[in-house]
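Visitor: Please give me a close look at one part of this model, starting from its sulfur atoms and then following the chain outward from there. State each cut-off as you go.

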Amino acid sequence: MEVIVAKTAGFCFGVERAVDKVYEQIGKTERPIYTYGPIIHNEEVVRDLEEKGVRVIESEEELKALSDGVVVIRSHGVAQAVEEEIQALGLPYVDATCPFVKKIHQLAAESGEQGKVFLLAGDKDHPEVKGILGHCKGENFTVKSNQELVDLLKNHPELRTKPLAFAAQTTFHAGEWEKCLETLKKLCTNAAVFATICNATARRQKEAKTLAQRCDRMIVVGGRDSSNTAKLRDICAEHCETYLIERADELPVFSAGLSVGITAGASTPASIIK
Ligand code: SF4
């Protein structure tokens with residue numbers, strides 16, 4: 001059996017940086033360590049951190065109840081209000097927001113200050129998108145597909161001529177983004193476009209597609225609640241039979257002679273891919 005592992009499979013720069021920052025704190029402080037939301041979408045990593053005493057805070061209520069500890073902000077980032085909440089508590093905190101996500105926070109804030117409508121391509125329920133929208137200072141909309149953009153511009157025809165700033169969630173599907181840009185070009189006269197899809201994601205998606213086109217089966221390793229992993233699965237499934245697994249014991253049995261490609265989401269540690 002031929003097994004090909006994608007070169008771009010696994011941890012990206014932002015996730016590696018965030019995970020490293022939490023492990024650094026473990027050796028550095030006696031205070032309890034908390035991450036605001038799971039530091040990455042990978043159960044194995046979150047469990048390992050829990051075993052080392054790192055707790056996950058899930059809500060602002062839990063945050064407000066803290067009297068001691070170090071808070072680490074996850075790579076997806078958080079809303080401005082949450083940042084202010086942490087500062088108001090007077091607790092030390094480490095901002096592990098990926099610099100690429102930080103850039104979108106800035107864009108969201110500046111767009112409002114400049115009187116532009118901020119338009120984001122992304123999934124409004126995703127923590128990264130919630131964090132980004134929490135930095136907006138003016139009118140803003142989120143679309144998760146080109147069809148939603150077409151509908152938005154139909155329901156709000158005034159947006160066609162208003163100054164717009166259009167950006168994307170870092171893990172937004174590259175192909176869908178291109179379709180959105182075509183629509184924007186056709187229908188809007190005053191839109192500034194910011195290509196904020198992370199290169200790590202685009203490169204991983206491109207390689208996954210190439211692999212899926214040449215292999216008989218694809219395995220995508222990653223968390224079931226990770227959006228970039230789900231997108232990889234969708235891309236691969238367009239070309240061959242594809243399996244999304246979280247752990248090695250979920251591997252299906254393949255008949256001999258098949259070629260199997262392996263890729264993995266941005267939150268999958270190398271040890272699990274191996
Ligand atoms: Fe940062 Fe890109 Fe990784 Fe997201 S995928 S954490 S934007 S490096």
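Guide: A residue is buried under 20% relative accessible area, exposed over 50% and partly exposed in between, with a 1.4 Å probe and protein chains only. The model is predicted, so local features need pLDDT of at least 70 and side-chain atom pairs count only at pLDDT 80 or more, while totals for chains, interfaces and linings use all residues. Residues are numbered from 1 along each chain as its sequence is written, and side-chain values use heavy atoms, without hydrogens or water.

Cys-180 is buried because its relative accessible area is 0%. The closest cysteine sulfur to that of Cys-180 belongs to Cys-188, 11 Å away, which is too far for a bond. Cys-236 is likewise without a disulfide: the nearest cysteine sulfur is in Cys-240, at 6.5 Å. With a relative accessible area of 0%, Cys-236 is buried. A disulfide here is a pair of cysteine sulfur atoms within 2.5 Å, and by that rule the count is zero.

Cys-180 falls inside the residue range of helix α8 (residues 174-187), and Trp-177 in that helix belongs to an aromatic pair. A search of the whole structure gives three such pairs (ring centres of Phe, Tyr and Trp, the last by its six-membered ring, within 6.5 Å; planes under 30 degrees apart are stacked, over 60 edge-to-face, the rest tilted). One of them is tilted: Phe-13 and Phe-100 are 5.8 Å apart centre to centre, with 55° between the planes. Phe-13 sits in helix α1 (residues 13-28) and Phe-100 in helix α5 (residues 99-113), so this pair ties together parts 87 residues apart in sequence. Helices (H or I, at least four residues) and strands (E, at least two) are DSSP runs, numbered from the N terminus. Phe-13 has a relative accessibility of 47% and therefore counts as partly exposed. Phe-100, at 42%, is partly exposed as well.

The pair of Phe-166 and Trp-177 is stacked, at 4.8 Å centre to centre and 25° between the planes. Phe-166 lies in strand β8 (residues 164-168) and Trp-177 in α8, 11 residues apart, and the pair links distant parts of the chain. Phe-166 is buried at 0% relative accessibility, and Trp-177 is buried at 5%.

Next comes a helix with two sides. In α2 (residues 43-51) the buried residues are Val-45, Val-46 and Leu-49. They pack against α1 and β3 (54-57), where contact means heavy atoms within 4.5 Å. Glu-43 and Glu-51 are exposed on the other side of α2. Gly-53, just after α2, has a positive phi of about 95°.

The last part is a sheet. Strands β1, β12, β10 and β11 form, in that order, an open sheet of four with parallel pairing; two strands pair if DSSP finds at least two bridges between them. At the edges stand β1 (2-5) and β11 (241-245), each with a single partner strand, so one side of each has no neighbour in the sheet. Strand β10 (residues 217-221) is joined to β12 (residues 259-264) by five bridges, and the two run parallel. Opposite Val-221 stands Ala-264 in β12.
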